[in-house]
Amino acid sequence: ARHLLGIEHLAPDEITDVLDLAEDYVGLNRSGTKHSDALAGLTQVNMFFEASTRTQASFELAGKRLGADVMSMAMQASSVKKGETLIDTALTLNAMHPDILVVRHPQSGAVDLLAEKVNCAVLNAGDGRHEHPTQALLDALTIRRARGRLHRLSIAICGDIAHSRVARSNIMLLGKMENRVRLIGPPTLMPAGIGEFGVEVFDDMREGLAGVDVVMMLRLQKERMDGGFIPSEREFYHRYGLDAEKLSHAKDDAIVMHPGPMNRGVEIDGTIADDINRSVIQEQVEMGVALRMAAMDLLMRVRRAGPREVAI
Ligand code: CP
């Protein structure tokens, strides 16, 4: 592919290729060097129309460590504020000959639409409740490193599934790699028709967590609740917040994940999040830089070599 728009479009061997290259970049990032020239001479533009800490910072660091010229647009201060559309903004930047556009947008499908209009590679940094492919890939890398494999694992994704692009991308990726995915949350936060994705659905944390290898917690994404039902945080924590007692139902060595941003005391107890024996939340952030380096490197190899020679 010439873009990275969603996990939906990736085959299992392409997922493995990205993770394998990301392993090399984990090593580089931990070395004194931290830099390569894989993207030297190339231009990367980051366009974030929605708030971000991890994704924006890691894409920026990833591009810089690979030698690209990186520009992060301050979208709040751009001509979008004067009514310019997403597509006109993208066409304007496209005329400046970037090689890579990294885009986050609150509307599902906006990044796919934009990719049709520009000449450069587009990476989806999260679009509405649709997909967040680099998050699912960095989660997969974290799981593979912690558990030693990325197949035949039992993985629970917990909380607000309905509004989560992270859950959607992870469900697809983990399914493609032949894992068992359990979704745990209140029926009001479970998307309609989710059973078609080959997942098991639970509304009780203790039942759903029984014997799992991985526990992935999600934030209540109130910004996407569109005036619908918003659960009380106290009630939500009581029933679905991850605490030591609920976690005791998972395997003894189960890892705890969270894509961030995290709301302590709502979906997760702070002491669980900080427990270095169980939580891999900081490893997820570290993997995010390496994974984004690998994704951009591979996309540029595809563009140089033609789609038949290098897979992503
Ligand atoms: N996980 C994630 O996408 O975090 P940010 O919103 O901070 O980028």
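**A tour of the sheet, its helices and the nonpolar cores**

Begin with the four strands of the open sheet, whose order is β2-β1-β3-β4 and whose pairing is parallel. The model is a predicted one. Colour the edge strands next: these are β2, residues 69-73, and β4, residues 121-127, each of which pairs on one side only. Viewed along the sheet, the twist from one strand to the next averages 15°.

Now select β3, residues 100-105, together with β4. Five bridges join these two strands in the parallel sense. To locate one residue pair, display Ile100, whose bridge partner in β4 is Ala121.

Turn then to the helices that accompany the sheet. Select α11, residues 281-305, which packs on the sheet and touches β1, β3 and β4. The direction of α11 makes about 150° with that of β4. Add α3, residues 86-94: this helix lies across β1 (43-48), β2 and β3, and runs at about 165° to β1.

The next stop is the nonpolar interior. The largest nonpolar core comprises 64 residues, and Ile143, Ile157 and Leu173 have the most contacts inside it. Helix α11 reappears here, as it gives the most to this core, with eleven residues.

Centre the view on Ile143. Leaving aside residues up to four places away in sequence, Ile143 touches Gly148, Arg149, Leu150, Leu153, Ile155, Leu174, Val214, Met216, Ile255 and Met257.

Finally, select Ala156, Leu247, Ala250 and Val266. These residues are included in a second, separate core of 24 residues.

Technical notes. Residues are numbered from 1 along each chain as its sequence is written. This is a predicted model: local features need pLDDT of at least 70, side-chain atom pairs count only at pLDDT 80 or more; totals for chains, interfaces and linings use all residues. Side-chain values use heavy atoms; hydrogens and water are left out. Two strands pair if DSSP finds at least two bridges between them. Axes are lines fitted to C-alpha atoms, for helices over the stretch in contact, and angles run from 0 to 180 degrees between N-to-C directions. Contact means heavy atoms within 4.5 Å. A nonpolar core is a set of buried Ala, Val, Leu, Ile, Met, Phe, Trp, Tyr and Cys residues joined through side-chain atoms within 4.5 Å. Buried means under 20% relative accessible area, exposed over 50%, partly exposed in between (1.4 Å probe, protein chains only).
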